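Colleague: Please give me a careful, close reading of one part of this model, and then set that part in the context of what lies around it. I would like one connected account rather than a list.

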Amino acid sequence: MTTAIGLAADGIIAVGMTVALVSGGFDLSVGSVMGLSGVTAGALYLAGVNIWAACAIALMIGLVCGLINGYFIGKVGLNPLITTLGMMGIARGAAYVVTQGSPISLFGVPKSFEFIGSGRMAGIPVIVIFFIIIAAIGDFLMRRSEPMRKVFYTGSNEKAALLSGINTGNVKMGVYLLTALLAACAGILSLARFTVATPTAGIGAELRVISAAVIGGASLSGGEGTILGAVLGVILLNIINNGLILMNVSVYWQDLIGGAILLVAVTVDLLTHRKKIRKAKAVS
Amino acid sequence: MNRRQLAAGILSACACLSLSFTGCNREARQAAPGTQNPFVGSPNEEYYMVTFVSGIEYWKGCFKGFQAAGKLFGVTTIYTGAPQYDVNQQVTVLEQVIAKNPAGIAVTCMNPDALAAPIKKATAAGIPVVTFDADAPRGPRYSFLATGNEYAGSVAAKTLADLIGGRGEVIVITLPAQLNHEQRAAGFKKALQADYPDIKLVAVGNGKADQTEAAKVLAGYLQAHPDVKGVFCTDATSGVGAATAVREANRAGTIKIVSFDTDKGTLDAIKDGVISASIAQGTYTMGYWSMNFLFQVKHELVNPVEGWKSKGINPLPPYVDTGVNVVTKENVDSFYGI
């Protein structure tokens, strides 16, 4: 159960990241937006704002980050790598500015807020429930809803999507709003969990989450991917790390072995995938 | 001679020095009334403190000590530094400070080699330089004032050992490949081996400078080693993560945590009892004695050997361990706002 709490934040971000990957882009700024939303909510609370209002404002700031990403990628037509890399720096820098570098401690925050980070309902941590609900809704919409179909079209063939009347700019705008909103949610849940907001929170989350989504079947070239797969990817990565710890692997070896296992897992997956395609072709 | 004795020796030497000076001064006053007190500077004298990532809270304590000493001498103290973690930027800032020809510079070095050249330049221009917190051994600085990290680790070991009754399994969460953190972990390990044969260090984890990651890592180790009784975190962020992991494993109270540094989150957690103790670095001490050293060299008050300047003799102790204090629930209130 403690492992489930640990992966909840990455899992929530992975839902948004999968949608971004399907649309043919990705979002490198999620870790920074997560950090920024946590410290914004924390700083506002210390300035006397009600904690829930502070969270709402922090989510809005997350959405502003997403809006800027979406505008430059969808409307101006900039490359997602450069745009979100820029936002990664901006949001992380803003977090440093807000905190002046030192962590913000929310000692004595209302119990109701602490509850969403460290409470339990029917024995299950609330933060894990949040993650499951977000993942379930995401997975359902991804399979069934019309806007998500548009994301798939945009990602698999943008020109065709444009010619068939889909406003791909708007689709991308929506995608980056979603990734930023979910990252901001993860930041606020982490704040509730630790009751301390550090400006360094979420460093490196973007690459962990992208690799989890790719392990789960999303394609870096767009048009492919499922939320369920990404969630399983996040779980796999955490199980690998947890396994290395349980087996008492030296801390100096952990990254090396973890990286090697990742490479092997993706290769095996790709090879079996290819075999299936070949068989399918042979049959037809 | 170990570091503690060295530090004690230096402090008593300083005390003797100042006593003898007050003695001289009294004689001087009797001999020629109106002669100036050697410990009075002028407000035109500017002493600079130069840091990197200059906005962080940690340096505030250092400058507070620097400022306090400057006030005693009646000189001007100025704080500046590179806002980012950027070597070029820090070298540029230091060069700009040197160009102003100040009375003295206390600098903490982001990179030991890159800062050596500008320090040489300052010394050549007759500006006394000391380093604090992080050194540039190849630069001709008069002294280096900092926390002895191995010693700090051994203090943490003693603190944790006392908390868990001298026996049981413990875990260290550190930041591998960062020298000061490795030294803290090494000092902790050595002290356990030397003095506490009944305590077993079962794992060393990577806190990754992120509370979410640190919590995840410690949660894993607690599964692997259910009998763990204590955790030492070599950085404050891991400390916060460890506190959360212990609470989520329903082990609050049964697992003792010793953390590092005194940011507000750590102090609040000590007050709350989630973290049992933290190791506070002597940041005020670094700044206070840096200013004292610079003033003494600038005013040529310290003369172990006649004409030391031309003979290449260092009049100051080359290294000062500024020591650590253990913060607990009893004394936590005095550490807020340092």
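Modeller: In this predicted model, a convenient place to begin is a pair of helices in chain B, α3(B) and α4(B), which are roughly parallel to each other, because the angle between them is about 5 degrees and angles under 35 degrees count as roughly parallel. Helix α3(B) covers residues 87-99 and helix α4(B) covers residues 116-124, and their axes lie 10 Å apart. From the side of α3(B), the residues B:V91, B:L94, B:E95 and B:I98 meet B:P118, B:K121 and B:A122 of α4(B). Sorted by class, this contact has 5 nonpolar residues and 2 charged ones, with no polar residue taking part.

Chain B as a whole is divided into domain 1, made of 3-28 + 40-147 + 282-323, and domain 2, which is 149-280. The centres of these two domains, taken over C-alpha atoms, are separated by 33 Å, and 4 residues of domain 1 are in contact with 4 residues of domain 2. On the domain 1 side of that contact there are 3 charged residues and 1 polar residue, and no nonpolar ones.

We can now turn to the sheet of chain B. Here 6 strands form an open sheet in the order β7-β6-β8-β9-β10-β12, with mixed pairing. Strands β7 and β12 of chain B stand at the edges, where each has a single partner strand, so one side of each is left without a neighbour in the sheet. From one strand to the next, the twist averages 20 degrees.

Within this sheet, strand β9(B) deserves the closest look. On one side, β9(B) pairs with β8(B) in the parallel sense over 3 bridges, and B:V231 stands opposite B:I257 of β9(B). Strand β9(B), residues 256-260, is also joined by 3 bridges to β10(B), residues 277-281, and these two strands run parallel; in that pairing B:S259 stands opposite B:S278 of β10(B). The side chains of β9(B) alternate in direction: B:K256, B:V258 and B:F260 point one way, whereas B:I257 and B:S259 point the other way, and all are buried. Since 5 of the 5 residues of β9(B) are buried, this strand is largely enclosed by the rest of the structure.

Part of the setting of β9(B) is the helix α8(B), which lies across β6, β8, β9 and β10 of chain B and runs at about 160 degrees to β9(B). The helix α8(B) also takes part in the contact between the chains, for it is one of four elements of chain B, the others being β7, α7 and α9, that each supply at least two residues to the side touching chain A. In that contact, 32 residues of chain B meet 28 residues of chain A. Helix α7(B) gives the most to the chain B side, with 10 residues, and that side divides into 14 nonpolar, 10 polar and 8 charged residues.

For chain A, one helix can be described in some detail. In α7(A), residues 146-156, the buried residues are A:M148, A:K150, A:V151, A:F152, A:Y153, A:T154 and A:G155, and they pack against α1, α6, α8 and α9 of chain A.

Conventions:
Residues are numbered from 1 along each chain as its sequence is written. Chains are lettered from A and ligands numbered from 1 in the order in which they are written. This is a predicted model: local features need pLDDT of at least 70, side-chain atom pairs count only at pLDDT 80 or more; totals for chains, interfaces and linings use all residues. Two residues are in contact if their C-beta atoms, placed from the backbone, lie within 7 Å. Ala, Val, Leu, Ile, Met, Phe, Trp, Tyr, Cys and Pro count as nonpolar, Asp, Glu, Lys and Arg as charged, and the others, Gly among them, as polar. Two strands pair if DSSP finds at least two bridges between them. Axes are lines fitted to C-alpha atoms, for helices over the stretch in contact, and angles run from 0 to 180 degrees between N-to-C directions. A residue is buried if 20 or more other C-beta atoms lie within 10 Å of its own, exposed if 12 or fewer, and partly exposed in between; C-beta atoms are placed from the backbone. Domain bounds come from an automatic or database domain assignment. Angles under 35 degrees count as roughly parallel, over 145 as roughly antiparallel, 65 to 115 as roughly perpendicular and the rest as oblique.
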